[in-house]
Amino acid sequence: RFGPGDQFRKIEGIQQFGERISHAAGKSTNIELYPIEQRPGGNGPILAQTLAHYGIRVELMGALGQPIDPLFENLSPSIVPISLGQPAVTNAIEFNDGKLMLGITHSLDAIDLAITAPIFEKNHRKIASCDLLCFVNWTMMIHMDAMVDFLWQRLEKDRRKIVFFDLADPEKRSTEDIRNILASIQRYTQKRFTILGLNLKEAEQIAVLLPPAPRREILQPSLVDLCRFIGDAMGIDEVFIHDNSCCAASTPTQTAFVDGFFVPNPRTTTGAGDHFNGGYLVAKLRGKSLEACLTKGYKISSYFVRTGTFLPPQNI
């Protein structure tokens, strides 16, 4: 720091940050956090905003506050908010090569089936008839397994409709928990066209838990091979994986790969995956090919990382 305000030299990378911390072992250190902005987050709200921006009407059930927190008051008019409880808070520490998400999520522990079941029942017709049903941020929602199973039991079979899952970095959850939710995702294929969206780190975490144990070379990018392995092992309809500079998708009969470009000095990275998911799903709802879905997701995500804003619809 050379003076007040933004007169400082920031820690550029995660490794440099880690070294700063490790050198403090047995001693102490002082690391300043410099807040840049406060914005509505959570995988659900960001995904909802992305879908709405590109023309999809959304019913958003999530931890939006009771009453709804002012941060969520400016959601798109195309979003109908349904709050389940108090929101969590995440401090996103962003670097040029990634980010650390420091979450304070205890408020989400209160959102269980006793709270959500009556809301699901009240909105059953909307849930059953929607073209796209999304379950996101499973890692932070400790009671979501019960909600996923509750809705599965009440859905009629209609394979024309889509269900989408985003686990959201399950590293902190137990192996047993992850295997249980993977089994639930697989079960949804009996009633809905089922899509699992992952980033590369999540895909590698999941692949090693699936039978048969993947060959080591499968865990090296080729993303296409990793998509195919996860999809085949789980028996689900569609898997896509996105990384910083490329993305891939597979079904039982097709694969696609889209190369992109790495953004060396991102404006922001928090929410990039949700923007990718939103773009992919908008294209999917409109009947586009795997390659077109990947391309739309990648364009929207990359533009957001560079600028912090939505790519104008006419530029897609």
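**Exercise 1. In this predicted model, determine in which sense strand 7 and strand 8 pair, and place the two strands in their sheet.**

Solution. Begin with the pair itself: strand 7, residues 193-199, and strand 8, residues 238-242, run in the parallel sense and are joined over five bridges. Within this pairing, Ile 195 stands opposite Glu 238 of strand 8. Next, widen the view to the sheet, which is open and consists of six strands in the order 5-6-7-8-9-10, with mixed pairing. Its edges are strand 5 (132-136) and strand 10 (255-259), each of which pairs on one side only. From one strand to the next, the twist averages 15°.

**Exercise 2. Identify which strands helix 2 lies across, and at what angle it runs to strand 5.**

Solution. Helix 2, comprising residues 43-53, lies across strand 5 and strand 6 (162-166). Relative to strand 5, the direction of helix 2 is at about 150°. Since strand 5 is an edge strand, the helix is placed across an edge strand of the sheet and across strand 6.

**Exercise 3. Describe the second largest pocket by its volume, its lining and the elements that contribute to that lining.**

Solution. First, the volume: the second largest pocket holds about 320 Å³ of space. Second, the lining: 16 residues surround this pocket, and those that lie nearest its centre are Arg 39, Pro 40, Gln 49, Phe 304 and Phe 310. Third, the elements: helix 2 and helix 10 (290-307) are those that give two or more residues to the lining, and helix 2 gives the most, with three residues. Finally, sorting the lining of the second largest pocket by class yields seven nonpolar, six polar and three charged residues.

**Exercise 4. Characterise the largest cavity, and find which helix supplies the largest share of its lining.**

Solution. The count of cavities of 30 Å³ or more comes to one, and the largest cavity has a volume of about 40 Å³. Its lining is made up of Arg 228, Gly 231, Asp 232, Ile 236, Asp 237, Glu 238, Ser 250, Thr 251 and Pro 252. Helix 8 (residues 223-234) provides the largest share of this lining, three residues. By class, the lining of the largest cavity divides into two nonpolar, three polar and four charged residues. Glu 238 links this exercise to the first one, as it belongs to the cavity lining and also stands opposite Ile 195 in the sheet.

**Exercise 5. Classify the aromatic pair of Phe 120 and Phe 150, and state which helices it links.**

Solution. Eleven aromatic pairs are present in the structure. In the one formed by Phe 120 and Phe 150, the rings lie 6.1 Å centre to centre, with 35° between the planes. Because planes under 30 degrees apart count as stacked and those over 60 as edge-to-face, this pair is tilted. The two residues are 30 residues apart and link distant parts of the chain, with Phe 120 in helix 3 (residues 113-122) and Phe 150 in helix 5 (residues 144-154).

**Exercise 6. Locate the backbone features at Pro 67 and Asn 137.**

Solution. As background, most residues other than glycine have a negative phi, and most peptide bonds are trans. The peptide bond from Gln 66 to Pro 67, however, is cis, with omega near 0°, and Pro 67 lies in the loop between strand 1 (58-62) and strand 2 (79-83). Asn 137, although not a glycine, has a positive phi of about 60°, and this residue is found in the loop between strand 5 and helix 5.

Definitions and conventions. Residues are numbered from 1 along each chain as its sequence is written. This is a predicted model: local features need pLDDT of at least 70, side-chain atom pairs count only at pLDDT 80 or more; totals for chains, interfaces and linings use all residues. Side-chain values use heavy atoms; hydrogens and water are left out. Two strands pair if DSSP finds at least two bridges between them. Helices (H or I, at least four residues) and strands (E, at least two) are DSSP runs, numbered from the N terminus. Axes are lines fitted to C-alpha atoms, for helices over the stretch in contact, and angles run from 0 to 180 degrees between N-to-C directions. Contact means heavy atoms within 4.5 Å. On a 1 Å grid over the protein atoms alone, a cavity is a set of points where a 1.4 Å probe fits but cannot get out, and a pocket is an open set with protein on both sides within 12 Å along at least five of seven lines; lining residues have an atom within 4 Å of a point. Grid points are joined across faces, edges and corners, and a volume is the space filled by probe spheres set on the points. Ala, Val, Leu, Ile, Met, Phe, Trp, Tyr, Cys and Pro count as nonpolar, Asp, Glu, Lys and Arg as charged, and the others, Gly among them, as polar. Rings of Phe, Tyr and Trp (its six-membered ring) pair if their centres lie within 6.5 Å; planes under 30 degrees apart count as stacked, over 60 as edge-to-face and the rest as tilted.
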